[in-house]
Structures are given as structure tokens and as C-alpha cells.
Amino acid sequence: MHDVLIIGAGPAGVAAALWCDQLGLDVLVIERRSEIGGQLPSIYGPIENYPGLRAKDGQEFLKSFSAGTNEADFDLWTEVEIAKVDLKTKRVFLESGEELQAICIVLATGVRRRRLDIPGELEFIGKGIIESGARDREIFTGKDVCVIGGGDAAVENALLLSQVCATVTVVNRSRKLRARREFTEQLGTNHCITVFNEAVATRILGSADVEAVEIQRKGAIKPFQMAVKGVLVRIGVEPNSDFFSGQLEMDDQNYIVVTNQHETSVANVFAVGDISNPLAPTISSAAGSGATAAKVIASRLNSNRR
Ligand SMILES: Cc1cc2nc3c(=O)[nH]c(=O)nc-3n(C[C@H](O)[C@H](O)[C@H](O)COP(=O)(O)OP(=O)(O)OC[C@H]3O[C@@H](n4cnc5c(N)ncnc54)[C@H](O)[C@@H]3O)c2cc1C
């Protein structure tokens with residue numbers, strides 16, 4: 001029986017673990033991946049607006065982030081696959097057959113990229129599906145590519161790809177782009193980028209590699225095919241809350257609802273970071289919520305022990 005079991009070792013989970021450790025609690029962190037950091041390794045541009053620390057990308061940020069954790073004394077299990085979670089009894093069953101139990105559970109499983117769920121999206125991973133405009137630019141230099149989505153991430157990636165690609169077509173479902181003005185203003189002078197508003201991608205086509213994308217424009221009778229060598233999908237994120245579904249209160253997008261102390265609708269179960277923060281998902285808010293939950297847990301457990 002641990003004092004605290006933290007699921008997820010992104011900024012929120014690690015901040016919660018550091019604070020719990022410092023406040024004298026026995027903590028176990030379980031993480032699905034082989035390394036800590038959550039979304040950080042997938043940030044290929046500079047880290048913005050984290051007070052006091054500048055980094056050219058997520059990997060560089062992760063170095064400072066990991067340095068602090070090496071000095072702490074909490075247990076971390078990586079490459080752990082959860083089979084089932086029972087939040088009421090605070091038990092977590094692992095695929096390995098092990099069963100974990102704690103007095104308090106902290107859910108810090110973050111978010112994942114939303115998928116389009118169209119034919120070709122999974123089949124062409126590594127064969128023309130672009131993971132990141134910043135990282136994969138070299139591979140698509142001189143080629144025609146398509147970016148699906150209309151938010152910050154889609155337009156930022158389109159701008160990055162336009163520096164090296166022959167053409168970039170942005171396929172945006174809404175009437176106009178939702179990206180911040182700083183990005184959309186740059187589109188006006190960028191002759192390499194074409195935006196199709198009120199259009200959806202319906203299929204990604206090809207034999208061995210991506211060769212085309214099928215697009216349905218609003219009002220058009222039939223979809224049309226556009227030849228491209230690469231497709232990048234950025235249509236937002238969704239919370240990694242599937243394991244907890246039906247056990248606690250969630251909003252209509254499956255984000256976990258919490259109090260201002262980051263406690264969920266189940267007593268002694270807390271949710272921190274992006275999984276409970278659809279409005280302002282940032283590294284600093286994730287770390288801040290982890291710290292808040294840890295302090296609330298410590299004061300609760302320590303007052304029970306007095
Ligand atoms: C491209 C990009 C750029 C960004 N740029 C910035 C920026 O400049 N500044 C900024 O402040 N923020 C930025 N962010 C946002 C920031 O990275 C997130 O807000 C932050 O990582 C959220 O931390 P988290 O711990 O809540 O979740 P995550 O970072 O998502 O971590 C969740 C962790 O939980 C693990 N997990 C999930 N499911 C399970 C499971 N079932 N079992 C065990 N472990 C599990 C995951 O593997 C992951 O390690 C950016 C994000 C992206 C994608």
C-alpha cells in the first residue's frame with residue numbers, strides 16, 4: 001500500500017511526485033512509455049512562456065526537467081501497461097498481473113492527438129504521414145503536401161513546411177481558420193500555401209507510400225483527389241481518460257472535472273495537468289496543478305497520522 005500512486009510521468013505527474021516526495025509521502029509513479037516527460041519530447045520548436053527557463057525544444061527542456069527528478073527519491077516504473085483501474089478501492093491492475101494500491105491516486109495521463117479515423121491514416125504511418133513539420137521537413141523538401149486542421153498547430157506546421165515544400169494545402173473543416181492571428185497573418189504573403197475552408201479529407205490514398213488525399217468541399221457533389229506526397233494531421237487533442245470512464249465525473253469531451261484542489265468526484269482521487277485542463281494546457285499549469293494536488297494530499301494524510 002503506497003501513500004500516493006501517480007499515473008503518468010509528464011510535467012504534471014512528475015511535479016506531483018517531486019512535491020509528494022519532499023512532503024514525506026511514499027510515492028510510486030507508473031508511466032506507459034520508456035521515459036518521463038510526456039509531450040515534451042514531441043516539441044520540436046522553442047518552449048514558450050515557461051517562467052525562468054528557456055529551451056530550444058522539448059528535448060532540451062527535458063534535460064533540466066529530468067535533472068531535478070534524479071535527485072528525488074520516489075519510485076518510478078516505466079513501460080507499465082495498465083489493465084484496469086478501480087478508483088473507488090484505489091487499486092490499479094497491471095497487464096503484468098501485478099496489483100497496486102494506494103491511499104490516494106493522482107491521474108496525470110495527459111492528452112493524445114486526435115485522429116481523423118479515415119482510411120489510410122494508420123496504414124501510411126512512416127510512409128508519408130508527417131509526424132511533425134519541424135522534424136520531418138527534410139524528407140518532404142520540394143514535395144507537395146497537405147495539412148489537415150485549422151488551429152494553431154495545423155497552421156504553424158503549414159508555415160514550417162512551406163519553407164521547404166513545393167506546395168502546402170491546408171484542409172480546414174470550419175468556415176475560417178481558428179489559428180492565432182500571428183500565424184494566419186503570415187498566410188496572406190505566403191504563395192506556397194493554399195487554404196481550403198469548409199473542406200474535409202475523406203481518404204489518404206497510395207500504393208506503397210502516400211500519393212494523394214481525397215477532399216470533400218462543402219457544396220461539392222463529389223470529392224476530388226489531390227496528388228500529395230505527405231499528409232500532416234493536426235485536428236486537436238483528446239484526453240487519455242478512457243481507463244477512468246464511468247468511474248468519475250467528466251465533461252462532454254471526456255476531460256476530468258476537478259475541484260480547485262484538483263480532487264475529482266471520487267474522494268482521494270486527484271487529476272492534474274492536461275487531462276483536467278482543456279482551457280489552458282501548458283507545462284506551467286500542469287506542474288502547478290501537480291504541486292497543488294500533492295500539498296492537499298500531504299496535509300490530508302499527515303493530519304490523519306497525527
Ligand atoms: C507540439 C507541442 C508544443 C507545445 N509547446 C508548449 C510550450 O511552448 N509551452 C508550454 O507551456 N506548453 C507547451 N505544450 C503543452 C505541454 O507540453 C503540455 O501542456 C504538458 O506536457 C502537459 O503535461 P501533462 O503531464 O499534463 O501531460 P503529458 O505531457 O501528456 O503527459 C502524460 C503522461 O502520461 C502517460 N500516460 C498516458 N496514459 C497512460 C497510462 N494508461 N498508463 C501510464 N502512463 C500513461 C503518457 O505516456 C505521458 O507520459 C506543447 C505541446 C505540444 C504537443
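In this tour, two residues are in contact, or touch, when heavy atoms of theirs lie within 4.5 Å. Keep in mind that you're looking at a predicted model.

**Stop 1: Ser162**

Select Ser162, which sits in helix H3 (residues 152–162). Is Ser162 buried or exposed? Buried means under 20% relative accessible area, and Ser162 comes in at 12% relative accessibility, so this serine counts as buried. Now show what surrounds this serine. Leaving out residues up to four places away in sequence, Ser162 touches Val168, Asn190, Cys192 and Ile193. Zoom in on Asn190: the side chains of Ser162 and Asn190 are joined by a polar contact of 2.9 Å.

**Stop 2: helix H1**

Next, select residues 11–22, which make up helix H1. How far apart are the end C-alpha atoms of H1? They are 16 Å apart, and that agrees with the 16 Å that 12 residues should span at 1.5 Å a residue.

Color the buried residues of H1: Pro11, Ala12, Gly13, Val14, Ala15, Ala16, Ala17 and Cys20. While the helix is on screen, remember that an α-helix has 3.6 residues a turn, so residues three or four places apart point the same way.

What covers the buried residues of H1? The cover includes strand S1 (2–7), strand S2 (27–30), helix H2 (58–71), strand S6 (99–107) and helix H5 (283–305). Before you leave, click Gly24, just after H1: this glycine takes a positive phi of about 85°.

**Stop 3: strand S6 and its partners**

You've just met S6 as part of the cover over H1. Select S6 again and bring up S1: these two pair in the parallel sense over 5 bridges. Look for His2, which stands opposite Ala102 in S6.

Now add strand S5 (residues 91–94), which runs antiparallel to S6 and is joined to S6 by 3 bridges. Here Phe93 stands opposite Glu99 in S6. S5 and S6 make a hairpin with 4 residues between the strands, and in this hairpin Gly97 takes a positive phi near 100°.

Then select strand S16 (residues 269–271), which runs parallel to S6, with 3 bridges joining the two. Val106 stands opposite Phe270 in S16.

**Stop 4: an open sheet**

Move on to S11, S12 and S13, 3 strands that form an open sheet in that order, with antiparallel pairing. Which strands stand at the edges? They are S11 (199–206) and S13 (224–227); each has a single partner strand, so one side of each is left without a neighbour in the sheet. Turn the view and follow the twist, which averages 30° from one strand to the next.

For a closer look, select S12 (residues 210–217) with S13: they pair in the antiparallel sense over 4 bridges. Ile215 stands opposite Phe224 in S13.

**Stop 5: the ligand**

Last of all, select the ligand. How many residues surround the ligand? There are 30, and the closest are Glu31, Gln39, Glu48, Asp274 and Ile283.

Try three of those one by one, looking at oxygen atoms of the ligand:

- Gln39: an N or O atom in the side chain is 2.8 Å from an oxygen atom of the ligand.
- Asp274: here a backbone N or O atom lies 2.8 Å from a ligand oxygen atom.
- Ile283: a backbone N or O atom is again the one to find, 2.9 Å from an oxygen atom of the ligand.

Technical notes. Residues numbered from 1 in each chain as written. Predicted model: local features only at pLDDT ≥ 70, side-chain atom pairs only at ≥ 80, totals over all residues. Heavy atoms only, no water. Expected span 1.5 Å × (residues − 1). Buried < 20%, exposed > 50% of the residue type's maximum accessible area, 1.4 Å probe, protein only. Pairing = 2+ DSSP bridges. Axes fitted to C-alpha atoms, helices over the stretch in contact; angles between N-to-C directions. Near = heavy atom within 4 Å. Polar contact = N/O pair within 3.5 Å; in protein donor to acceptor, adjacent residues only side chain to side chain.
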